[in-house]
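Colleague: Could we go through this model together? I would like to hear the reasoning behind each label.

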Amino acid sequence: MEHKKFNYRDLDELREDVFRSGAELPVSAQLDILKTPFQLSNKLLSNRLAIHPMEGCDSTAEGAPSELTFRRYKRLGAGGAGLLWVEACAISSEGRGNARHLYLNRDTLPSLKMLFDSMMETVKATSAEDLRPYTVLQLTHSGRYSKPYPDATAVVVTAENPFLDPFSNSKRHLITDEELERLEDQYVETAHLARETGFDAVDIKACHRYLISELLSAHTREGHYGGSFDNRVRFLLQVIDKVKTQVDIDVTLRINAYDAIPYPYGWGTDENRLPSLDEPRRLMQLLWERGVRMVNITTGNPYYNPHIGRPADTGPYTAPEHPIESAARMLNIIREMKAAVPDMALVGTGFSWFREYGANIAAGCIERGWMDIAGFGRQAFAYPDFARDIITQGTMLHSKCCTSCTKCTELMRFGGQTGCVVKDSQVYLPLWRKATNGRTMMSTRVGNHV
Ligand SMILES: Cc1cc2nc3c(=O)[nH]c(=O)nc-3n(C[C@H](O)[C@H](O)[C@H](O)COP(=O)(O)O)c2cc1C
């Protein structure tokens with residue numbers, strides 16, 4: 001079906017288009033399952049709703065949280081979700097994706113601890129229950145998308161990539177095996193600090209084609225970390241093993257199951273750009289054997305094929321398919337990952353475009369056992385208390401929903417601090433006007449391949 005903007009007046013109209021698209025997508029009229037607790041090993045989550053990691057690009061130059069960061073996390077803490085997955089936080093200064101990327105190190109630890117504590121205080125002040133949400137901090141190295149300061153001259157890549165190279169910094173350094181080995185210890189050091197901060201878990205980020213995600217498809221790389229499956233997953237598994245043995249903290253992952261970049265340059269993808277999930281399935285089993293108990297699944301690359309992972313009404317190009325098809329593909333891939341490791345707790349992605357009916361799709365997916373917890377990204381920027389409304393009112397309010405306008409991404413690309421320009425306009429509309437200065441993402445270099 002060709003791309004169309006969201007225009008449904010009720011659930012039945014949405015169901016009709018789901019049917020027309022031919023996609024298999026469970027839509028439930030009953031949201032109660034979202035309110036049920038979830039047992040994750042020895043921790044109880046109060047409900048099945050999660051805040052996905054969403055970078056605000058609003059740290060200080062040193063990588064410490066700013067007033068805007070505190071404001072965002074207080075609002076999210078008050079939102080009622082059982083799982084708070086905090087945004088990408090760099091493990092090294094050169095691995096920051098922008099000059100306002102959070103960076104956890106000895107110097108920024110006290111301020112990140114204050115951020116964590118203030119989020120938890122808000123939870124306590126706004127929640128009727130004693131259960132605090134399960135908290136995860138995402139650890140990252142931005143790899144080919146590193147830009148620690150505006151005039152940064154070079155980036156590290158793990159392998160050349162004819163699909164992505166034209167859209168990345170032209171000065172690329174192929175990271176050596178020795179440099180990768182040194183980075184493993186930085187993940188461990190940052191995981192120690194995350195524990196001191198108070199988080200229940202760290203996420204060894206392996207999605208959206210940042211450093212570890214890119215390594216998973218480094219078929220053309222030579223040496224210990226390229227070529228065979230065992231070599232390509234080696235770095236990720238070594239980091240997980242080291243963190244698990246050296247730090248008293250849970251280890252989780254956010255991982256791409258499908259890059260939508262053709263083999264041999266993409267992970268989980270065949271020569272024709274279609275999903276090919278044998279390797280992602282194999283990796284899920286290895287993660288389970290290593291003691292990982294929760295994985296957050298996503299797809300695509302926000303710089304190259306954003307419609308694959310964050311379906312939208314508007315963006316830098318008109319998507320080659322209906323947003324229902326993009327979301328259904330992602331949700332069905334998550335379903336396949338769940339089937340591969342049924343005991344692994346899976347957090348799903350793909351609900352924000354559906355506005356208030358995202359809750360109905362989430363409930364349908366959980367009822368059918370496609371996933372255990374439903375995560376919301378852009379929706380959390382627009383509507384930080386969506387979980388509370390689902391739990392207390394049994395619905396999400398259309399007027400508070402994300403409009404999938406892509407302005408939050410636009411803000412990020414143009415170097416601004418980001419949030420919802422439409423529903424949190426007092427703060428973010430002036431920032432968007434200033435950062436974009438009349439430009440749109442059409443004028444940026446974004447790939448648009450199906
Ligand atoms: C502005 C912005 C910042 C994001 N930051 C992160 C991040 O730090 N880590 C991550 O894994 N995903 C990040 N994402 C992706 C979201 O977590 C999510 O996967 C995506 O928006 C699709 O989910 P949704 O349809 O609920 O928005 C970001 C997305 C946007 C738009």
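Colleague: What makes helix 3 and helix 4 contact partners, and which residues meet?

Modeller: This is a predicted model, and in it Leu109, Leu112, Lys113 and Phe116 of helix 3 meet Leu193, Glu196 and Thr197 of helix 4. Contact here means heavy atoms within 4.5 Å. These residues divide into four nonpolar, one polar and two charged.

Colleague: Why are helix 3 and helix 4 called oblique to each other?

Modeller: Take the angle: the axes of helix 3 (residues 109–126) and helix 4 (residues 177–197) cross at roughly 45 degrees and come within 9 Å. Angles under 35 degrees would count as roughly parallel, and 65 to 115 as roughly perpendicular. An angle of roughly 45 degrees fits neither range, so the pair is oblique. Helix 3 passes helix 4 in a right-handed crossing.

Colleague: And why is the pair of helix 2 and helix 14 called oblique?

Modeller: Helix 2 (residues 67–77) and helix 14 (residues 425–436) pack at about 135 degrees, with their axes 13 Å apart. Roughly antiparallel needs an angle over 145, and roughly perpendicular ends at 115. An angle of about 135 degrees meets neither condition, so this pair is oblique. The crossing of helix 2 with helix 14 is left-handed.

Colleague: Which residues bring helix 2 and helix 14 together?

Modeller: Leu68, Arg71 and Arg72 in helix 2 meet Val427, Tyr428 and Leu431 in helix 14. That contact has four nonpolar, no polar and two charged residues.

Colleague: Now the ligand. How do you know that Ser352 makes a polar contact with the ligand?

Modeller: A side-chain N or O atom of Ser352 is 2.6 Å from an oxygen atom of the ligand. The cut-off is 3.5 Å between N or O atoms, so the pair counts. For Arg254, a polar side-chain atom lies 2.9 Å from a ligand oxygen atom. Ala88 takes part through a backbone N or O atom, 3.2 Å from an oxygen atom of the ligand. In total, 22 residues surround the ligand, and the closest are Pro53, Gln138, Ser352, Gly377 and Arg378.

Colleague: What makes the bond between Tyr263 and Pro264 worth a look?

Modeller: The peptide bond joining Tyr263 and Pro264 is cis, with omega about 5 degrees. Pro264 sits in the loop between strand 9 (250–258) and helix 7 (278–289). Most peptide bonds are trans.

Colleague: And what is the phi of Arg209?

Modeller: Phi of Arg209 is near 70 degrees, a positive value in a residue other than glycine. Most such residues have a negative phi. Arg209 belongs to the loop between strand 8 (201–204) and helix 5 (211–215).

Definitions and conventions:
Residues numbered from 1 in each chain as written. Predicted model: local features only at pLDDT ≥ 70, side-chain atom pairs only at ≥ 80, totals over all residues. Heavy atoms only, no water. Axes fitted to C-alpha atoms, helices over the stretch in contact; angles between N-to-C directions. Helix = DSSP H or I, 4+ residues; strand = E, 2+ residues; numbered from the N terminus. Left-handed = near helix turned anticlockwise from the far one by under 90°. Nonpolar A, V, L, I, M, F, W, Y, C, P; charged D, E, K, R; others polar. Near = heavy atom within 4 Å. Polar contact = N/O pair within 3.5 Å; in protein donor to acceptor, adjacent residues only side chain to side chain.
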